[in-house]
Amino acid sequence: MNKPFIQAASYSQDPAVAAHELQRQLSDTQLGFVLFFCSAEYPLDALAQALNSAFPTVDIVGCTTAGEITADGYGQGCISAIGFCQDAFAISAAPIEDLDSFKLTDAQLLVDGLIQNCRERDIAPIKGRSFAITLLDGLSIQEERVLATLNSVLGSIPVFGGSAGDDIHLAKTHVYYQGRFLTDAAVIMLVNTTYEFEVFTTHHMGEPSEKLVVTEADAEGRCVYELNAEPAALEYARAIGVPVAALNHEVFALNPVAVKLGDDYFVRSIQQVNPDLSLKFYCAVENGIVLTVMQPQDLAANLVQTLESIESRIGEPQLIIGCDCFLRRMECELRGCSEQVSDLLQQHRVIGFNTYGEQYEGMHINQTFTGVAIGSHRHE
């Protein structure tokens with residue numbers, strides 16, 4: 001049998017050369033589907049045309065990033081891709097081109113169509129042998145609603161994904177489907193496989209300290225005006241012990257706030273300080289919720305523990321598709337452990353991208369490493 005999948009990457013800034021290099025690297029398998037993650041620095045119209053020409057008969061889906069993860073670990077300004085063999089994977093994809101009007105009936109039709117397409121391939125039963133991947137425009141402010149809608153119809157099918165980035169410009173993020181880069185859009189993939197897999201999420205936050213109550217917010221706009229009845233930026237800066245003028249991406253990465261759901265904390269990452277001293281978030285934050293200032297622990301140690309735990313259950317993964325928050329990568333750079341974490345990603349065969357938010361079982365989350373580990377063992 002052919003290899004179940006092949007990893008590929010191109011560091012060429014020329015779209016035609018990059019697409020050709022991917023095509024050449026992926027030519028050694030009976031290719032059924034291509035998933036890619038690319039820098040937003042590429043001229044996207046030209047790249048779309050080049051990819052379409054390089055893979056005229058293969059479905060190809062992808063998104064722009066805030067950094068790439070290749071077979072060699074962290075990459076930047078490149079394209080990282082996975083080619084799936086059609087003997088081992090049945091993958092069906094569909095776009096959501098108007099996130100604002102996406103409703104339950106749309107989700108039901110979309111998921112029914114994906115299931116039917118995979119079922120016709122007759123690779124494996126759908127139940128227990130399938131997972132879904134979602135890629136969303138990372139600046140759409142629609143993740144929570146769209147994910148909740150999709151999750152309600154996916155039932156027992158586990159789902160994860162990431163929000164597209166644009167190299168931290170916060171200007172325009174794109175998903176790619178059938179020859180076009182799209183904004184205000186999403187792509188959902190149903191992956192049906194003969195191999196064992198595990199969908200997972202992890203973070204390295206611990207030692208919760210001061211509480212901040214959201215006392216005025218615009219949930220739809222993801223903007224918090226007041227914390228503890230004080231201007232949000234002032235109160236956050238006081239809680240972490242820095243002046244307001246020092247607040248930036250680096251400070252946000254090292255001083256995250258989280259909401260407690262059940263026994264677990266989920267980070268709600270801050271995007272920026274607005275002129276009126278409100279705080280814009282990457283996730284929805286509502287009036288009345290309690291945000292807890294968290295202390296990041298050892299990111300590399302948490303990653304090792306998580307991946308070793310997965311390995312104990314499904315064996316050594318032959319591939320991990322990973323959605324890694326760009327704030328985690330920024331933290332690694334600030335703490336001087338980028339090379340260590342990059343090596344870990346390489347050793348554990350991670351391919352993926354740095355995101356503007358991660359998606360797990362219908363939730364939009366931040367500052368996590370979320371993905372799927374695909375084992376080497378086939379189901380009986």
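Buried means under 20% relative accessible area, exposed over 50%, and partly exposed in between (1.4 Å probe, protein chains only). This is a predicted model, where local features need pLDDT of at least 70, side-chain atom pairs count only at pLDDT 80 or more, and totals for chains, interfaces and linings use all residues. Residues are numbered from 1 along each chain as its sequence is written, and side-chain values use heavy atoms, with hydrogens and water left out.

**View 1. R238 and E235 meet in helix α5.** Their side chains form a salt bridge (2.9 Å, N to O), a term for a side-chain nitrogen of Lys or Arg within 4 Å of a carboxyl oxygen of Asp or Glu. The two residues sit 3 apart, about one turn of the helix (residues 232–240); helices are DSSP runs of H or I with at least four residues, strands are runs of E with at least two, and both are numbered from the N terminus. R238 counts as partly exposed because its relative accessibility is 44%, whereas E235, at 9%, is buried.

**View 2. E97 and R180 form a salt bridge.** Here the N to O distance is 2.9 Å. The pair links distant parts of the chain, 83 residues apart: E97 lies in the loop between β7 and α3, and R180 in strand β11 (residues 180–182). E97 is partly exposed at 43%, and R180 is partly exposed at 41%.

**View 3. E316 meets R349 in a salt bridge.** Their side chains come to 3.0 Å, N to O. These partners, 33 residues apart, each lie in a loop: E316 between α7 (299–314) and β24 (319–325), R349 between α9 (338–347) and β25 (350–355).
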